[in-house]
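Colleague: Please take me through this model one packing question at a time, and state the cut-offs as you go.

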Amino acid sequence: MKHVKIMKCPFCGAANTSVLESRTVEEGSIRRRRECDKCGKRFTTVEQVKRSFLWVIKKDGRREVFDKEKVKRGILRAIEKRPVSLDLVDEVTDQVDMEMLRSEKQEISTRVIGNAILKRLKKVDKVAWLRFASVYLEFEDLSDFEKLIERT
Ligand SMILES: [Zn+2]
């Protein structure tokens, strides 16, 4: 987690303020009670906490920023016409997102993300799991597919 913004005093414009109290109000934002070091006045801020970028190395070697929405779209495609609720899709997406964040790496390969999704989809719906495997991992031939089934 990286904290990006400098909070200026709204009364005198001084850049140095002290935090008296911090409280997380919702995911990604923190409410802070601050005191200006210069004029001593107190004020409250709601600050966005931005996590540092996680890079995804694609199969062709290009990089892109990890995007949770892409994970979700991939899962949605796999569960099409399957009896899987959207709540469950969100749950799986969040779990994968958290796993990627917890890894504390700066870059990961698409395969790592794919495997994290596969691991969970297998428990959710076997058909969706196979669909995802074939699309996401772009199998060259059937033997790759068989290896995956043995491995997971
Ligand atoms: Zn001030």
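**Helix packing and a hairpin**

Colleague: Which residues in α4 are met by G74, I75, R77 and A78 in α1?

Modeller: This is a predicted model, in which local features need pLDDT of at least 70 and side-chain atom pairs count only at pLDDT 80 or more, while totals for chains, interfaces and linings use all residues. Residues are numbered from 1 along each chain as its sequence is written, and side-chain values use heavy atoms, without hydrogens or water. With contact taken as heavy atoms within 4.5 Å, the four α1 residues meet A128, R131, F132 and V135.

Colleague: How do α1 and α4 lie to each other, and is the crossing left-handed or right-handed?

Modeller: Helix α1 (residues 68-78) packs on α4 at about 120°, with the axes 8 Å apart (axes are lines fitted to C-alpha atoms over the stretch in contact, and angles run from 0 to 180 degrees between N-to-C directions). That makes α1 oblique to α4, since under 35 degrees counts as roughly parallel, over 145 as roughly antiparallel, 65 to 115 as roughly perpendicular and the rest as oblique. A crossing is left-handed if the near helix is turned anticlockwise from the far one by less than a right angle and right-handed if clockwise, and that of α1 and α4 is right-handed.

Colleague: What is the handedness of the crossing of α3 and α4?

Modeller: Helix α3 (residues 110-124) and helix α4 (residues 126-136) pack at about 165°, with their axes 7 Å apart. The two are therefore roughly antiparallel. Their crossing is left-handed.

Colleague: Which residues of α4 make the contact with α3?

Modeller: From α3 the contact draws on T110, I113, G114, I117, L118, L121, K122 and V124. On the side of α4 it is made by K126, A128, W129, F132, A133 and Y136.

Colleague: Which residue stands opposite R34?

Modeller: Strand β2 (residues 29-36) runs antiparallel to β3, with seven bridges joining them. The two form a hairpin with five residues between them, and G40 in the turn has a positive phi of about 80°. Opposite R34, in β3, stands F43.

Colleague: Which side chains of β3 are buried?

Modeller: Buried means under 20% relative accessible area, exposed over 50% and partly exposed in between (1.4 Å probe, protein chains only). Along β3 (residues 42-48) the side chains alternate, and R42, T44, V46 and Q48 point to the face where they are not buried. Pointing to the other face, and buried, are F43, T45 and E47.

How values were computed. Pairing = 2+ DSSP bridges.
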